[in-house]
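Please open the structure in your viewer and set it to a cartoon display, with side chains shown on selection. The stops below each say what to select and what is found there.

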Amino acid sequence: MEFRIHHVAVSVSDMEKAVEFYSILGFKEIACYKDDNLEIKHLYLNGFILELFCFKEHIGKELVELWEDLKRIGVKHFALSVPDIHKAKKHLLDKGIIQEDIEIKKGRTGILYFFIQDPDGNFVEIVEDRRNIKL
């Protein structure tokens with residue numbers, strides 16, 4: 001039996017703002033559903049689907065710093081890989097997604113990374129992973 005990642009679901013408060021944000025990262029809308037209480041959109045990027053949920057009545061999220069959020073049990077973020085993290089940072093700066101003071105760090109696992117947040121504060125990690133991993 002072979003399992004593969006299909007999608008990650010993220011709940012958002014404003015579908016238009018979320019789609020605009022994720023389109024800057026390269027996602028394209030491939031499917032949608034809408035009724036009086038819920039809107040769902042599937043956004044696609046290189047074999048990966050991001051499923052956005054926007055409920056008419058949603059429960060807010062307390063915005064916290066990444067380190068505090070990591071201490072909570074549950075899914076914390078998803079990561080997008082780039083071939084050149086410095087070019088990715090410049091692209092996101094040019095698009096107004098991040099500020100100049102975003103620091104590129106080297107993680108404990110050996111990859112370069114930085115975090116951004118979508119309009120609802122959901123964390124997205126941008127990584128450059130040059131490890132030669134053979135599976």
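**First stop: a histidine and a glutamate**

Select His42 and Glu51, whose side chains make a polar contact with each other at 3.0 Å. The model is a predicted one. His42 is found in strand E3. Extend the selection to the surroundings of His42: setting aside residues up to four places away in sequence, His42 touches Lys28, Glu29, Ile30, Ala31, Ile49, Leu50 and Glu51.

**Second stop: the sheet around E3**

Now select E1, E2, E3 and E4. These four strands form an open sheet in the order E1-E4-E3-E2, and the pairing is mixed. Strand E1 (7-11) and E2 stand at the edges with a single partner strand each, so one side of each has no neighbour in the sheet. From one strand to the next, the twist averages 20°.

Which way do E1 and E4 run relative to each other, parallel or antiparallel? They run parallel, and five bridges join them. Glu51, already selected at the first stop, lies in E4 and stands opposite Ala9. Add H1 to the view: this helix packs on the sheet, where it touches E3 and E4, and its direction makes about 160° with that of E4.

On the other side of the order, select strand E2 (residues 28-34) together with E3. The two pair in the antiparallel sense over six bridges, and they form a hairpin with three residues between them. One pair to highlight is Glu29 and its bridge partner in E3, Leu43.

**Third stop: the largest nonpolar core**

Select Tyr22, Phe27 and Leu52. The largest nonpolar core has 27 residues, and these three touch the most other members. At least two residues of this core come from each of helix H1 (15-24), strand E3 (38-45), strand E4 (48-55), strand E5 (77-81), helix H3 (85-94), strand E7 (112-117) and strand E8 (123-128). Which element gives the most to this core? H1 does, with five residues. As general background, nonpolar side chains tend to be buried together in soluble globular proteins.

Centre the view on Leu52. Not counting residues up to four places away in sequence, Leu52 touches Val10, Val12, Met15, Ala18, Val19, Tyr22, Glu39, Ile40, Lys41 and Leu43. A second, separate core has six residues, among them Leu66, Tyr113, Phe115 and Val127.

**Fourth stop: the other sheet**

Select E5, E6, E7 and E8. They form an open sheet of four strands in the order E5-E8-E7-E6, with mixed pairing. At its edges stand E5 and strand E6 (105-106); each has a single partner strand, so one side of each is left without a neighbour in the sheet. E7 and E8 run antiparallel and are joined by six bridges. Within that pairing, Gln117 has Phe123 in E8 as its bridge partner. Show H3 as well: it packs on the sheet, touching E7 and E8, and its direction makes about 20° with that of E7.

**Fifth stop: Glu125 and Asn122**

Select Glu125, which is found in strand E8. Is Glu125 buried or exposed? Glu125 has a relative accessible area of 11%, so it counts as buried. Apart from neighbours within four places in sequence, Glu125 is in contact with His77, Phe78, Ala79, Leu80, Ile111, Tyr113, Phe114 and Phe115. To gauge a distance across this region, measure from Glu125 to Lys106: the two are 19 residues apart in sequence and 13 Å apart in space, C-alpha to C-alpha.

Next, select Asn122 in the loop between E7 and E8. Asn122 is also buried, with a relative accessible area of 17%. Its contacts, leaving aside neighbours within four places in sequence, are Val10, Ser11, Tyr22, Lys61, Ile116 and Gln117.

**Last stop: two cysteines**

Finally, select Cys32 and Cys54. How many disulfides does the structure hold? It holds zero. For Cys32, the nearest cysteine sulfur is that of Cys54, 13 Å away. That separation is too far for a bond, which is why the sulfur of Cys54 is not joined to that of Cys32. The surroundings of the two can be contrasted: Cys32 is exposed, with a relative accessible area of 55%, whereas Cys54 counts as buried at 11% relative accessibility.

Key:
Residues numbered from 1 in each chain as written. Predicted model: local features only at pLDDT ≥ 70, side-chain atom pairs only at ≥ 80, totals over all residues. Heavy atoms only, no water. Core = buried A, V, L, I, M, F, W, Y, C linked by side-chain atoms within 4.5 Å. Buried < 20%, exposed > 50% of the residue type's maximum accessible area, 1.4 Å probe, protein only. Contact = heavy atoms within 4.5 Å. Pairing = 2+ DSSP bridges. Axes fitted to C-alpha atoms, helices over the stretch in contact; angles between N-to-C directions. Polar contact = N/O pair within 3.5 Å; in protein donor to acceptor, adjacent residues only side chain to side chain. Disulfide = S-S within 2.5 Å.
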